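Thanks for making the time this morning. I would like to go through one structure with you, slowly, and mostly at the level of individual side chains.

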Amino acid sequence: VQLQASGGGLVQPGGSLRLSCAVSRRVFRIHSMGWYRQAPENERELVATITSSERANYADSVKGRFPISRDNSGNTVYLQMSSLKPEDTAVYFCNAELQRHRFAVRDTYWGQGTLVTVSS
């Protein structure tokens, strides 16, 4: 199982970007998906997560700016980033907690990271 993330890039302050992350193959259950980010010399931090029951959790710094959503299949998660600030610059990592099959334990998977740069 792999997480395939896309959508990063360079954007001016105040601009928008949408990140996408898809689970590479069908699994038994995806409990939650989300995004974390890591800026240079900082630890990885939570951005937003969403559960299979559509409960979303956000870092205070992105509330109201970065809504998270899932597609109907539940296999793809989106992060719609708007009103971007230079301090949002970081590598964004997709995350999923899932069971590969019915009798598997819940495991955490990470995507490869996509760079978001907010600069004029």
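I will begin with strand pairing, move on to the salt bridges, and finish with three single residues.

Please keep in mind throughout that this is a predicted model.

Let me start with strand β3, which covers residues 17-23. Five of its seven residues are buried, so β3 is largely enclosed by the rest of the structure. Strand β1, residues 3-6, runs antiparallel to β3 and is joined to it by four bridges, and within that pairing Ser-6 has Ser-20 as its bridge partner in β3. Strand β3 is also joined to β8, again in an antiparallel arrangement, this time through six bridges, with Leu-17 partnered by Met-81 in β8.

Now to the charged side chains. How many salt bridges does a search of the whole structure find? The search returns five, and I will describe three, including the pair formed by Arg-37 and Glu-45, whose side chains meet at 2.8 Å, N to O. The two ends of that pair sit in unlike surroundings, in that Arg-37 counts as buried because its relative accessibility is 6%, whereas Glu-45, at 36%, counts as partly exposed.

Lys-63 and Asp-60 form another salt bridge, at 3.2 Å, N to O, and here both residues are exposed.

The third one I want to show is between Arg-65 and Asp-88, where the closest N and O atoms are 2.8 Å apart. This pair links distant parts of the chain, since Arg-65 is in the loop between β6 (56-58) and β7, while Asp-88 is in the loop between β8 and β9 (90-99), the two being 23 residues apart. Are these two partners buried or exposed? Arg-65 has a relative accessible area of 10% and is therefore buried, and Asp-88, at 1%, is buried as well. Salt bridges that share partners join Arg-37, Glu-45, Arg-65 and Asp-88 into one network.

Asp-88 leads us to the next residue, Val-116, which touches it. Val-116 is found in strand β11, residues 114-118, and it is buried because its relative accessible area is 0%. Beyond its sequence neighbours up to four places away, Val-116 touches a set of residues, among them Leu-17 and Met-81, which are the bridge partners I mentioned between β3 and β8. Leu-84 lies 32 residues from Val-116 in sequence, and their C-alpha atoms are 9.9 Å apart.

His-31, in strand β4 (residues 29-38), also counts as buried, because its relative accessibility is 13% and the cut-off for buried is under 20%. What does the side chain of His-31 meet in polar contacts? There is one contact of 2.7 Å with the side chain of Gln-99, and one of 3.2 Å with the side chain of Arg-106. Leaving aside neighbours within four places, the residues in contact with His-31 also include Ile-50, Arg-70 and Glu-97.

Finally, Asp-71 lies in the loop between β7 (68-70) and β8 (76-81), and at 23% relative accessibility it counts as partly exposed. The side chain of Asp-71 makes a polar contact of 3.0 Å with that of Ser-73, and, setting aside residues up to four places away, Asp-71 touches Thr-76 and Tyr-78. Glu-41, by comparison, is 30 residues from Asp-71 in sequence, with the C-alpha atoms 33 Å apart.

Terms used: Residues numbered from 1 in each chain as written. Predicted model: local features only at pLDDT ≥ 70, side-chain atom pairs only at ≥ 80, totals over all residues. Heavy atoms only, no water. Buried < 20%, exposed > 50% of the residue type's maximum accessible area, 1.4 Å probe, protein only. Contact = heavy atoms within 4.5 Å. Polar contact = N/O pair within 3.5 Å; in protein donor to acceptor, adjacent residues only side chain to side chain. Pairing = 2+ DSSP bridges. Salt bridge = Lys/Arg side-chain N within 4 Å of Asp/Glu carboxyl O.
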